[in-house]
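Look at the model below and follow the chain from one helix to the next. The text after it goes through the helices, the core and the rings in turn.

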Amino acid sequence: MSHDFERGRLSEAGQAIVREHDTRWTREAHFALTLEWLIGEWDKFARAVEAGYRGYGEEYLNDLTSRDLLHEVMRALSSADAAVIEQAIKGADDTYLRATLPDDGRWLSANFRIGNGWWWRRSPQRPLVEP
């Protein structure tokens, strides 16, 4: 699965908002963290969950935060610009939905403090494989 995102498809105002987010994220993360990177990470994460995520619970939670940041920037954009990003992440969202089940307190919410997005309310169908 690949994502289809071109920053140039955003309006000028949308591109400026994304640049502001990129700058803040990079400053806070201490590495180049951009919208394109987040889209790619969300895609890789969704595929990893589908294949059987290999990692610790804390890493899983950290990976979920990439979707939080995507949601954050989409909320700051116009509906037309947000739709460009939504389209770019739709495949990863769909993969994640297929690879997970409603959590219903069985793993994530029972063991961790979780975020507000729908992606926090789902647990992998396959158990995590710790390295």
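The loop between H1 and H2 contains His30. In this predicted model, His30 has a positive phi of about 65°, although it is not a glycine. His30 counts as exposed, because its relative accessibility is 72% and the cut-off for exposed is over 50%.

His30 follows helix H1. H1 has 18 residues, and the distance from its first C-alpha to its last is 25 Å, close to the 26 Å expected at 1.5 Å a residue. Which residues of H1 are buried? They are Gly14, Val18, His21, Asp22 and Trp25. These residues cover an arc of only 105° around the axis, so they are on the same side of H1. The other side of H1 has the exposed residues Glu12, Ala13, Glu20, Thr23 and Arg27. The buried residues of H1 pack against H2, H3 and H4.

After the loop comes H2. What span should the 17 residues of H2 have at 1.5 Å a residue? The expected value is 24 Å, and the end C-alpha atoms of H2 are 24 Å apart, so the two agree. The buried residues of H2 are Leu35, Leu38, Ile39, Gly40, Trp42, Asp43, Phe45, Ala46 and Val49. Their packing partners are H1, H3, H4, strand E1 (100–102) and E2. H2 is followed by Gly52, which has a positive phi near 110°.

The next topic is the core that these helices share. In soluble globular proteins, nonpolar side chains tend to be buried together. Here the largest nonpolar core has 31 residues, and those with the most contacts inside it are Phe5, Leu35, Trp42, Phe45, Tyr60, Leu64 and Tyr96. Two or more residues of this core come from each of helix H1 (12–29), helix H2 (35–51), helix H3 (57–76) and helix H4 (79–99). Which helix gives the most to this core? H4 does, with eight residues.

Some single residues show how parts of the chain come together. Phe5, leaving aside its neighbours within four places in sequence, is in contact with Leu10, Leu35, Glu36, Ile39, Val84, Ile85 and Ala88. One of these contacts, Ile85, lies in helix H4. Ile85 has a relative accessible area of 0%, so it is buried. Not counting residues up to four places away in sequence, Ile85 touches Phe5, Leu35, Val73, Met74 and Leu77. The C-alpha atoms of Ile85 and Glu36 are separated by 9.8 Å, although the two residues are 49 residues apart along the chain.

Val73, among the residues that Ile85 touches, is in helix H3. Is Val73 buried or exposed? Val73 is buried, because its relative accessible area is 0%. With neighbours within four places in sequence left aside, Val73 is in contact with Val18, His21, Trp25, Leu35 and Ile85. Among these, Val18, His21 and Trp25 are buried residues of H1, and Leu35 is a buried residue of H2. Val73 and Glu20 are 53 residues apart in sequence, yet 9.7 Å apart in space, C-alpha to C-alpha.

The aromatic rings come next. The model has nine aromatic pairs. In one of them, Trp118 and Trp119 are edge-to-face, 5.5 Å centre to centre and with 85° between the planes. Trp118 has 31% relative accessibility and therefore counts as partly exposed, while Trp119, at 3%, counts as buried. Ring pairs also link both of them into a cluster with Trp42, Phe45, Tyr53, Tyr60 and Tyr96. Two of the residues in this cluster, Trp42 and Phe45, are buried residues of H2. Trp119 has a further partner: Arg67 lies over the face of Trp119, at 4.3 Å from the ring centre.

The last stop is Ser123, which is in strand E2 (residues 122–124). Ser123 is buried, because its relative accessible area is 0%. Which residues does Ser123 touch, not counting those up to four places away in sequence? They are Ala99, Thr100, Leu101, Asp103, Arg106, Trp107 and Leu108. Strand E2 has already appeared above, as one of the elements against which the buried residues of H2 pack.

How values were computed. Residues are numbered from 1 along each chain as its sequence is written. This is a predicted model: local features need pLDDT of at least 70, side-chain atom pairs count only at pLDDT 80 or more; totals for chains, interfaces and linings use all residues. Side-chain values use heavy atoms; hydrogens and water are left out. A nonpolar core is a set of buried Ala, Val, Leu, Ile, Met, Phe, Trp, Tyr and Cys residues joined through side-chain atoms within 4.5 Å. Buried means under 20% relative accessible area, exposed over 50%, partly exposed in between (1.4 Å probe, protein chains only). Helices (H or I, at least four residues) and strands (E, at least two) are DSSP runs, numbered from the N terminus. Contact means heavy atoms within 4.5 Å. Rings of Phe, Tyr and Trp (its six-membered ring) pair if their centres lie within 6.5 Å; planes under 30 degrees apart count as stacked, over 60 as edge-to-face and the rest as tilted. A charge sits over a ring if NZ of Lys or CZ of Arg is within 6 Å of the ring centre and within 35 degrees of the ring normal. The expected span of a helix is 1.5 Å times one less than its number of residues. The arc is that of the directions from the helix axis to the C-beta atoms.
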